[in-house]
Amino acid sequence: MDSISIKYFDTNLPKLEITEKGDCIDLRVSKVYRMKSHSGLPMKDKEEVEFPYHYHNDDVLFFKLGVGMKLSEGFKANVYPRSSTFKNYGFILTNSVGIIDAGYRDELKVPCWNSGTEPLHIEKGMRIAQMDIMPSPA
């Protein structure tokens, strides 16, 4: 791969890195938007919420991850939930695996649904997803 150009939309989050603990790159919560309230009523517009945000069963949330990138042609990034995301937070990423192609330049985002039964909270910088970068078969 020639290069990956990273753009940090949120400079207060740690820089992206591959660690000795695994091959994937952790992605962290920069901002949270509520898409559907726990009352079950859909919201007209997404509403940015403050940290820490206390969320409830059946909330639909939209996480901005504070980074974007320019991938070399012929490469893609796959964004997955971390193995602890469901266990610790009750979240299910609504698209299961997000695929970022070489033409995407905007901030990475992850939509989530809370299937948990306990009210929990989200902190800024929480590790919510992970990604790997690989050749694209197309």
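**Figure 1. The largest pocket and the residues around it.** In this predicted model, 19 residues line the largest pocket, and those nearest its centre are E17, T19, D26, R28 and R127. Two elements, β2 and β13 (127–135), each give two or more residues to that lining. Strand β2 makes the largest contribution, with four residues. As for the space itself, the volume of the largest pocket is about 300 Å³.

**Figure 2. A closer look at R127.** This pocket residue sits in strand β13. Is R127 buried, partly exposed or exposed? With a relative accessible area of 35%, R127 counts as partly exposed, because that value falls between the 20% limit for buried and the 50% limit for exposed. Setting aside neighbours within four places in sequence, the contacts of R127 are D26, L27, R28, R82 and Y89. Two of these contacts, D26 and R28, are also listed with R127 among the residues nearest the centre of the largest pocket. Have a look at P81 as well: 46 residues separate P81 from R127 along the chain, yet their C-alpha atoms are 9.5 Å apart.

**Figure 3. The four-stranded open sheet.** Here β13 turns up again, this time as part of a sheet ordered β2-β13-β8-β10, with antiparallel pairing. Which strands stand at the edges? They are β2 (25–28) and β10 (98–101); each has a single partner strand, so one side of each is left without a neighbour in the sheet. Going from one strand to the next, the twist averages 30°.

**Figure 4. Strand β10 and its partner β8.** Zooming in on one end of that sheet, we find β8 (residues 75–81) joined to β10 by four bridges, with the two strands running antiparallel. Within this pair, G98 of β10 lies opposite V79. Which side chains of β10 are buried? G98 and I100 are, and they point to one face of the strand. I99 and D101 point to the other face and are not buried, so their relative accessible areas are not under 20%.

**Figure 5. Strand β11, with its two faces.** Side chains alternate along β11 (residues 109–114) as well. On one face are V110, C112 and N114, which are buried. The other face carries K109, P111 and W113, and these three are not buried.

**Figure 6. The partners of β11.** Strand β6 (residues 60–64) pairs with β11 through five bridges, in the antiparallel sense. Which residue of β11 is the bridge partner of F62? That would be P111, one of the residues on the face of β11 that is not buried. Strand β9 (residues 91–93) is also antiparallel to β11, and three bridges join them. In this pairing L93 stands opposite C112, and C112 is on the buried face of β11.

**Figure 7. Stepping back to the whole chain.** To put the close-ups in context, the protein chain holds 13 strands and one helix, arranged along the sequence as β-β-β-β-β-β-β-β-α-β-β-β-β-β. Out of its 138 residues, 38% are buried. How much of the contact network links residues at least 24 apart? Taking contacts between residues at least 6 apart in sequence, 71% join residues at least 24 apart. The accessible surface of the chain is about 8100 Å², with carbon and sulfur atoms accounting for 51% of that.

Terms used:
Residues are numbered from 1 along each chain as its sequence is written. This is a predicted model: local features need pLDDT of at least 70, side-chain atom pairs count only at pLDDT 80 or more; totals for chains, interfaces and linings use all residues. Side-chain values use heavy atoms; hydrogens and water are left out. Buried means under 20% relative accessible area, exposed over 50%, partly exposed in between (1.4 Å probe, protein chains only). Contact means heavy atoms within 4.5 Å. Accessible areas come from the Shrake-Rupley method with a 1.4 Å probe; for residues, only the protein chains shown count as cover. Two strands pair if DSSP finds at least two bridges between them. Axes are lines fitted to C-alpha atoms, for helices over the stretch in contact, and angles run from 0 to 180 degrees between N-to-C directions. On a 1 Å grid over the protein atoms alone, a cavity is a set of points where a 1.4 Å probe fits but cannot get out, and a pocket is an open set with protein on both sides within 12 Å along at least five of seven lines; lining residues have an atom within 4 Å of a point. Grid points are joined across faces, edges and corners, and a volume is the space filled by probe spheres set on the points.
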